[in-house]
Every structure is written in C-alpha cells, then in structure tokens.
Amino acid sequence: MTVYVDPPDWPGHGRLWSHLVSDESFDELHGFAASIGCPERAFERDHYDLPETRYEDAVRAGARQIGSKELVRRITEAGLRRPKGRPAPG
C-alpha cells in the first residue's frame, strides 16, 4: 500500500488542508480514506482534501509524508492525475 499525504499548507475555508493520494489505484485511495474516516465528499478528481486536524491520523495509519511537488509527480507518473478542465481517463 502506498498512500501519500502532503503538508497542510493549502488555505481554504478558514483552515489549512493536505492532499491524500495513492500512486497505485483509486480503489486503494478510497479504502485508505474510508479507514481513517474521511468522507466521500472530500474526494476531488484525484485526491482527498484532508483538513490539518486529520493530518496526523493519516500519518499514523500509514500515509507517507511527502512534499506537494513530489506528490503531484508520483500520481502523474502513475497515470492517476486528473487536473481541472480535463476529462477523467477512460
């Protein structure tokens, strides 16, 4: 299992956020997110938005901490990147 989380550096709605991703599959990502109580509505295209208050939960559950640029590189190389404005791969 390889799930990654970047630091909670992204501001929004009055708090800071992290991104939770997998470089294996969306099934792995959804399973991990469910295991730490992350709601389905937090999924956005290719990642889960994770509030800073849940960051340590993800790390304790086994998410590997990496920087944001590395996170994007890994999901892009895995073919799991779904940028805004582009349709999801078939």
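**Pocket, core and helix H1**

Colleague: Into which kinds do the residues of the lining of the largest pocket divide?

Modeller: Eight are nonpolar, five polar and seven charged. Nonpolar here means Ala, Val, Leu, Ile, Met, Phe, Trp, Tyr, Cys and Pro; charged means Asp, Glu, Lys and Arg; polar means the others, Gly among them. The model is predicted: local features need pLDDT of at least 70 and side-chain atom pairs 80 or more, while totals for chains, interfaces and linings use all residues. Numbering runs from 1 along each chain as its sequence is written, and side-chain values use heavy atoms, without hydrogens and water.

Colleague: What makes a residue part of the lining, and which lie nearest the centre of the largest pocket?

Modeller: A lining residue has an atom within 4 Å of a pocket point (1 Å grid over the protein atoms alone; an open set with protein on both sides within 12 Å along at least five of seven lines). The largest pocket has 20 such residues. Nearest its centre are Trp10, His19, Glu44, His47 and Asp49. Strands E2 (10-12), E3 (15-22) and E5 (47-51) and helix H3 (68-77) each give two or more. H3 has the largest share, four residues.

Colleague: Why is histidine 13 called exposed?

Modeller: Exposed means over 50% relative accessible area, buried under 20%, partly exposed in between (1.4 Å probe, protein chains only). Histidine 13 has 79%, so it counts as exposed. This residue sits in the loop between E2 and E3. Its phi is positive, about 55 degrees, although it is not a glycine.

Colleague: And what makes arginine 45 partly exposed?

Modeller: Its relative accessible area is 27%, so it falls in the range in between. Arginine 45 lies in the loop between strand E4 (43-44) and E5. It too is not a glycine, yet has a positive phi of about 65 degrees.

Colleague: How do you know that the buried residues of H1 line one face of the helix?

Modeller: They are Phe26, Glu28, Leu29, Phe32 and Ala33. Down the axis they fall within an arc of 155 degrees (directions from the helix axis to the C-beta atoms), so they line one face. On the other side, Asp27, Ala34 and Ser35 are exposed.

Colleague: Which elements do the buried residues of H1 pack against?

Modeller: E1, E3, E4, E5 and H2 (contact: heavy atoms within 4.5 Å).

Colleague: Which residues touch the most other members of the largest nonpolar core?

Modeller: Leu20, Phe32, Ile36, Cys38, Tyr48, Ala58 and Ala63, out of 21 residues. H1 (26-35) gives the most to this core, four residues.

Note on methods:
1 Å grid on protein atoms, 1.4 Å probe; cavity = no way out; pocket = protein on both sides within 12 Å on 5 of 7 lines; lining within 4 Å. Core = buried A, V, L, I, M, F, W, Y, C linked by side-chain atoms within 4.5 Å.
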